[in-house]
Amino acid sequence: MVTSNYMNTHEHGMWHGLSRRNFLHTAGLAGVAAASASHLDLAAAESKWTMRLAASSIGYTKLPVEDAFQRIAELGFEAIDVWSAHAGCPHLDDVQKRLGPDGLKVLLAKHKLRLCAFSVYAGGYPKYAELLGQVGGGVAVRGSAGPCKPAELTAKMKGFLESLKPLLEQCEKYQSFLAIENHGNALLDSPDSFKAFTDLNTHSRLGLALAPYHVQALGASVEQMIEICGKQLLFFYAWQKADGVNQLPGQGPTDCAPWLRALARINYPHYVTPFMHHEPTPDEMTKALAKSRDYLRECVRSS
C-alpha cells in the first residue's frame with residue numbers, strides 16, 4: 001500500500017528515494033522553474049500585444065477637418081480622435097453641421113482611417129451622441145467632476161457615477177462607450193480616485209481615459225495607473241508632462257517604454273494616441289508626430 005511504503009521510507013529519513021536535503025533542493029529548483037515559467041509566460045503575452053496608433057484632430061486645429069484627416073492618414077496612423085470645440089478646435093462641430101454621418105464615413109473611408117473617439121470636453125456627449133451612433137458607435141471622451149476631500153472620495157465617486165446614468169442610457173441606444181479622463185484638481189485625479197472608480201463602476205459601457213501628463217504632475221506612477229484601470233481603460237494618451245512638442249513621446253525626457261509594457265500586460269486593445277496641447281504649425285506638428293510614431297514603434301520592437 002502507498003501508506004505503508006511512505007511510512008517505511010519516512011522511518012529511514014527518506015521520501016521516495018530522495019534525501020531531505022535533495023528534496024528541499026529539488027523543491028527549490030521547482031519553485032525557481034515555476035517563477036521562470038511565469039516570467040516567460042508574461043513576456044510571451046507582452047510580445048503578442050499589438051500597439052494600435054491614433055492621432056487627435058486637435059493637433060491640426062488650424063486646418064479644415066478634411067486636411068486634418070489627410071495629414072494623420074499620411075503619417076500612417078490607423079485611427080483618428082475627432083475633437084469638439086475645446087481650445088477652438090472646429091472639427092467635430094463642422095462634421096456635425098456640414099458633413100453629417102455619411103460625410104464622416106466617406107472621409108474615414110477615403111483616408112483608410114478608423115474612428116478612435118469623439119473628444120467632447122466642449123459640448124458634452126449628449127450633443128454628439130446620435131452622430132456617434134450613426135457612424136457605428138464608438139468612444140466619447142470627457143472629464144470627471146470637481147475635486148473633493150479624501151474622506152469624501154467614495155461618496156463623491158458614487159454620486160458622480162450615478163449622475164452618468166442618463167448618458168449611459170444614450171450609450172446603450174447609440175452603441176457607444178463613455179471614457180472619463182483624469183485631470184489635475186478634479187474628482188478623477190489620484191491613484192485612490194482611480195481605484196474608487198474601478199471598484200464602484202459596474203457598467204459595461206463606462207470606462208477610463210488615462211492622461212499620463214496629469215499623472216506625472218502628481219508625481220504618481222503611470223504604470224500603476226494603467227494596472228488600476230485594467231480592462232476599464234478605453235483610451236490612452238501618450239502624453240508626458242513637458243512644454244511644447246516635448247509633451248509628445250520621443251520628444252521630451254520620459255521613457256515611454258514602461259508605459260507600453262504596462263499596456264501590454266493588461267492586453268490593452270484600444271488605441272495609443274500621442275498627444276499634446278497648444279499645437280505648433282501644421283508642418284511642425286506633422287514632423288513632431290512622425291518622430292513620436294517612430295519612437296513608439298521602436299519602444300515596442302525593443303521591449
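Q: How many helices and how many strands does the protein have?
A: This is a predicted model, in which local features need pLDDT of at least 70, side-chain atom pairs count only at pLDDT 80 or more, and totals for chains, interfaces and linings use all residues. Residues are numbered from 1 along each chain as its sequence is written, and side-chain values use heavy atoms, leaving out hydrogens and water. Helices (H or I, at least four residues) and strands (E, at least two) are DSSP runs, numbered from the N terminus. Counted this way, the protein has 12 helices and 10 strands.

Q: What percentage of the 303 residues of the protein count as buried?
A: Buried means under 20% relative accessible area, exposed over 50%, and partly exposed in between, with a 1.4 Å probe and protein chains only. Of the 303 residues, the share that counts as buried is 48%.

Q: What percentage of the contacts with a separation of 6 or more comes from residues 24 or more positions apart?
A: A contact here means heavy atoms within 4.5 Å. Among contacts in the protein with a separation of 6 or more, the share from residues 24 or more positions apart is 76%.

Q: In which order do the 8 strands close into a barrel?
A: Two strands pair if DSSP finds at least two bridges between them. In this barrel the pairing is parallel. Follow the 8 strands around and you get S3-S4-S5-S6-S7-S8-S9-S10.

Q: Which residue in S4 does Ala55 stand opposite?
A: Strand S3 (residues 52-56) pairs with strand S4 (residues 79-83) in the parallel sense, over 3 bridges. Opposite Ala55, in S4, stands Ile80.

Q: Which residues of S4 point the other way from Ala79, Asp81 and Trp83?
A: S4 is mostly covered, with 5 of its 5 residues buried. Ala79, Asp81 and Trp83 point one way from the strand. Facing the other way, and buried as well, are Ile80 and Val82.

Q: Which residue is the bridge partner of Val82 in S5?
A: S4 and S5 pair in the parallel sense over 5 bridges. You can trace the register through several positions: Ala79 stands opposite Arg114, and Asp81 opposite Ala117. For Val82, the bridge partner in S5 is Phe118.

Q: How many of the 6 residues of strand S5 are buried?
A: S5 spans residues 114-119 and is mostly covered. The number of its residues that are buried is 5.

Q: What is the handedness of the β-α-β unit that S4, H4 and S5 make?
A: A crossover is right-handed if, with the strands pointing away from the viewer, the path from the first strand over the helix to the second runs clockwise. By that convention, the unit of S4, H4 and S5 is right-handed.

Q: Which residue in S6 is the bridge partner of Ser119?
A: S5 and strand S6 (residues 139-142) run parallel and are joined by 3 bridges. In S6, the partner of Ser119 is Val141.

Q: How are H3 and H4 oriented to each other?
A: Axes are lines fitted to C-alpha atoms, for helices over the stretch in contact, and angles run from 0 to 180 degrees between N-to-C directions. Angles under 35 degrees count as roughly parallel, over 145 as roughly antiparallel, 65 to 115 as roughly perpendicular and the rest as oblique. Helix H3 (residues 65-74) and helix H4 (residues 91-110) pack at about 50 degrees, with their axes 10 Å apart. H3 and H4 are therefore oblique.

Q: At about what angle does helix H11 run to S9?
A: H11 covers residues 257-265 and lies across two strands, S9 (233-238) and S10 (271-274). Relative to S9, H11 runs at about 165 degrees.

Q: What is the relative accessible area of Ile226?
A: Ile226 sits in helix H10 (residues 222-229). Leaving aside neighbours within four places in sequence, Ile226 is in contact with Leu210, Phe236, Trp259, Ala262, Leu263 and Ile266. Ile226 is buried, and its relative accessible area is 0%.

Q: What distance separates the C-alpha atoms of Ile226 and Arg265?
A: Along the chain, Ile226 and Arg265 are 39 residues apart. In the model, their C-alpha atoms are separated by 9.3 Å.
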